[in-house]
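Here is a short briefing to read with the model open in your viewer. It begins with the chain as a whole and then moves to aromatic rings and a sheet.

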Amino acid sequence: INAEYGGGGGQDSGDVFIQSSKPTYKPEPQRQTRRPGLQIVKKQQDQELMDKLHQEGETVDQTAHATQGGITGRDSDVVRSSVEISIVEQISCAFDSDGGLQQMQIMGEFMVDITDEPSCRAQIAVDFKPDLQYRVHPSINDELFYQKKIISTINNKAYPLNTPTGVLKWRYQTNNEREAPLRVNVWPSKSNTKVLATIEYELSPPFQLSDVTIRLHIVGKSSPVVTTEEGSHRFDTKNNILEWNLPLINRDNYKGSLELEVEQWDNSNDFSWLFPIQVNFSSSTTFSNMKVLSVVQPDGNKILFSEKKQLLVHQYKIGGK
């Protein structure tokens, strides 16, 4: 599995944070909706609540707060927190057709978006799992990060305003299949010209996965007969793709299976056409366990911040080349 990994180090000059490259993660744009009436009153109420939380140095869930007023995205009527933080990891995973893990790689990035000028010199205290490879942006004080777990610009330079900026990257590699969030195994057999296959998944703690999709390529005389008690399925007859959809996999349904039966053209025992199996999902659980403890001004005054964590699939496949 190949993935690009950026490095850090060095000094730069001036009083403004310098971006060496564009961030690799861009938040998805959200549709904006407006609810007529009561907008001025709602905005005043939001501002009063945010001001109170700001004084107390509390963290605000930006998405949930914005949705309460019937508005999503960055609408002008929504009061944003002063510092918006995104922690995003992408996973690449390859298993052989027997379910053995060949390689897993995690690439993570820590993004900071400053929404008001007084917070442009924010200092961010974090906690994270130490056994990963971390790299800081050249404009970040690496000594302060590695010794005290504080993300702060060199000489308190200002972050760019309203510009999502990558300040930290990390990487993790393993071939320990117990660490993979989801393991998928296929158990095929043959009866005359019929192929019978059981597709089984198993979740690894502490993960909880959302919007899980398991896709198989089916070769046969007709559409497969499918049986499962978990999720839903559909067969794309044009592309011969069987898609198994599971809205949520957690400890309540950490194991599940799907059985399929398909009529073949011949009596061979070649099951290679079942592979590769492609898997997709998302999760709020990350491998780094990266989390924000506090955000403060250089003088120690607390800053209101929001935090969003995501684990996304770059590639996740079983079998195939």
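**The chain as a whole**

Of the 321 residues in the protein, 43% are buried. Please keep in mind that this is a predicted model. Its secondary structure consists of three helices and 16 strands.

**Contacts and surface**

- Take the contacts between residues at least 6 apart in sequence: 77% of these join residues at least 24 apart.
- The protein exposes about 17,200 Å², and 45% of that area is supplied by carbon and sulfur atoms.

**Aromatic rings**

- How many aromatic pairs does the structure hold? The count is nine.
- One of them joins Tyr 134 and Trp 170, whose ring centres are 6.0 Å apart with 45° between the planes, a tilted arrangement.
- This pair links distant parts of the chain, with the two positions 36 residues apart in sequence numbering: Tyr 134 belongs to strand S4 (residues 133-136) and Trp 170 to strand S6 (residues 165-174).
- Are the two partners buried or exposed? Tyr 134 has a relative accessible area of 9% and Trp 170 has 0%, so each falls under the 20% cut-off and counts as buried.
- Tyr 134 and Trp 170 also belong to one aromatic cluster, together with Phe 128, Phe 145 and Tyr 146.
- Phe 128, a member of that cluster, has a charged neighbour as well: the charged end of Lys 149 sits over the Phe 128 ring, 5.0 Å from the ring centre.

**A four-stranded sheet**

- For the sheet, follow the strands in the order S7-S8-S13-S10; this is an open sheet of four strands with antiparallel pairing.
- Which strands stand at the edges? They are S7 (182-191) and S10 (225-228), and because each has a single partner strand, one side of each is left without a neighbour in the sheet.
- From one strand to the next, the twist averages 15°.
- The partner of S10 is strand S13 (residues 255-263); the two run antiparallel and are joined by four bridges.
- To find this pairing at residue level, look for Thr 227, which stands opposite Glu 259 in S13.

Methods: Residues are numbered from 1 along each chain as its sequence is written. This is a predicted model: local features need pLDDT of at least 70, side-chain atom pairs count only at pLDDT 80 or more; totals for chains, interfaces and linings use all residues. Side-chain values use heavy atoms; hydrogens and water are left out. Buried means under 20% relative accessible area, exposed over 50%, partly exposed in between (1.4 Å probe, protein chains only). Contact means heavy atoms within 4.5 Å. Accessible areas come from the Shrake-Rupley method with a 1.4 Å probe; for residues, only the protein chains shown count as cover. Rings of Phe, Tyr and Trp (its six-membered ring) pair if their centres lie within 6.5 Å; planes under 30 degrees apart count as stacked, over 60 as edge-to-face and the rest as tilted. A charge sits over a ring if NZ of Lys or CZ of Arg is within 6 Å of the ring centre and within 35 degrees of the ring normal. Two strands pair if DSSP finds at least two bridges between them. Axes are lines fitted to C-alpha atoms, for helices over the stretch in contact, and angles run from 0 to 180 degrees between N-to-C directions.
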